[in-house]
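Hi everyone, thanks for coming. I'd like to walk you through a structure that may be new to you, so have a look at it with me.

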Amino acid sequence: MLTYIYHLVLIQKASCADTIVDMQQKIAKIKTSSIQVLRIVILQLPFWTTWYLSVEMLKEPELLYWVVNLTVSGTFVFFSIWLFHNLSLNNMHKKWMKWLFSDTEWNAVIKAENVLKQIEEYKNC
């Protein structure tokens, strides 16, 4: 929640009076913050595989239960660690990163960044 408010504050601080460099820095802050938050959230994935556990299930577990549970939890641990290490701005060109950040809010930031790049290229000509 606090991160969402922080992002809203960053967006509100952006104005048409800002220079291109200032605007790019603000967009970069939003992108970096979004990715950092997502990295932390992804580390929680393995804990979501244990929400259904109960005391009764742990008292008399069957072998199949442990095999399935450890396989699913282990897969989520591997996946979350892999994502934690691979989520970065350096990988934004990869297909899986584009898919992961394909929501409405992120698309608006990417479009704004593209417009700023075009303006900067135009000024450099």
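Let me start with a question: is Asn-91 buried or exposed? Before I answer, please keep in mind that this is a predicted model. Okay, Asn-91 is buried, and its relative accessible area is 11%. The cut-off for calling a residue buried is under 20%, so Asn-91 qualifies. As for where to find Asn-91, look in the loop between α5 and α6, and α6 itself covers 95-100.

So what does Asn-91 have around it? If we skip the neighbours within four places in sequence, Asn-91 is in contact with Asn-86, Trp-96 and Met-97. With Asn-86 there's a bit of detail to add: a polar atom of the Asn-91 side chain sits 2.5 Å from the backbone oxygen of Asn-86.

Now, Met-97 comes up again in the next part. The largest nonpolar core in the model has eight residues, and Met-97 is one of them. The others are Ile-35, Ile-42, Leu-83, Leu-87, Met-92, Phe-101 and Trp-106. Take Ile-35 and look at what it touches, again leaving out residues up to four places away in sequence: Leu-87, Ser-88, Leu-89, Met-92 and Phe-101. Of those, Leu-87, Met-92 and Phe-101 are on the list for the core.

Let's move to helix α5, which runs over residues 63-86. I've picked out a few residues there, and I'll begin with Ser-73. Ser-73 is in that helix, and it's buried, with a relative accessible area of 14%. Which residues does Ser-73 touch, not counting those up to four places away in sequence? They are Thr-49 and Thr-50. With Thr-49 there's also a polar contact, side chain to side chain, at 2.9 Å.

Thr-71 is in α5 too, but this one counts as partly exposed, at 47% relative accessibility. Its side chain has a polar atom 2.6 Å from the backbone oxygen of Val-67.

Further along α5 we get to Phe-79. Phe-79 is partly exposed, with a relative accessible area of 42%. Here's a pair to look at on screen: Phe-79 and Leu-43 are 36 residues apart along the chain, and their C-alpha atoms are separated by 9.1 Å.

Then there's Trp-82, also in α5, which counts as partly exposed at 36% relative accessibility. Try finding Ser-15 from there: the two are 67 residues apart in sequence, and C-alpha to C-alpha the distance is 37 Å.

Next, helix α6, where we find Trp-99. Why do we call Trp-99 exposed? Its relative accessible area is 65%, and the cut-off for exposed is over 50%. I have two distances for Trp-99, both between C-alpha atoms. To Gln-36, 63 residues away along the chain, we get 17 Å. To Thr-71, 28 residues away along the chain, we get 26 Å.

Last stop, the surface around the start of the chain. Which residues form a nonpolar patch there? That would be Met-1, Leu-2, Ile-5 and Val-9, and together they have about 460 Å² of accessible area. Val-9 belongs to helix α1, residues 2-13, and it's partly exposed, with a relative accessible area of 39%.

To pull it together, keep three spots in mind. There's Asn-91, buried in its loop, then the nonpolar core with its eight residues, and finally the nonpolar patch on the surface with Val-9 in it. That's all from me, thanks for listening.

How values were computed. Residues are numbered from 1 along each chain as its sequence is written. This is a predicted model: local features need pLDDT of at least 70, side-chain atom pairs count only at pLDDT 80 or more; totals for chains, interfaces and linings use all residues. Side-chain values use heavy atoms; hydrogens and water are left out. Patches are made of residues with over 30% relative accessible area and no salt bridge: like charges are joined within 9 Å, nonpolar side chains (Val, Leu, Ile, Met, Phe, Trp, Tyr) within 5 Å. Accessible areas come from the Shrake-Rupley method with a 1.4 Å probe; for residues, only the protein chains shown count as cover. A salt bridge is a side-chain nitrogen of Lys or Arg within 4 Å of a carboxyl oxygen of Asp or Glu. Helices (H or I, at least four residues) and strands (E, at least two) are DSSP runs, numbered from the N terminus. Buried means under 20% relative accessible area, exposed over 50%, partly exposed in between (1.4 Å probe, protein chains only). A polar contact is a pair of N or O atoms within 3.5 Å; within protein, one must be able to donate a hydrogen and the other to accept it, and residues adjacent in sequence count only if both atoms are side-chain atoms. Contact means heavy atoms within 4.5 Å. A nonpolar core is a set of buried Ala, Val, Leu, Ile, Met, Phe, Trp, Tyr and Cys residues joined through side-chain atoms within 4.5 Å.
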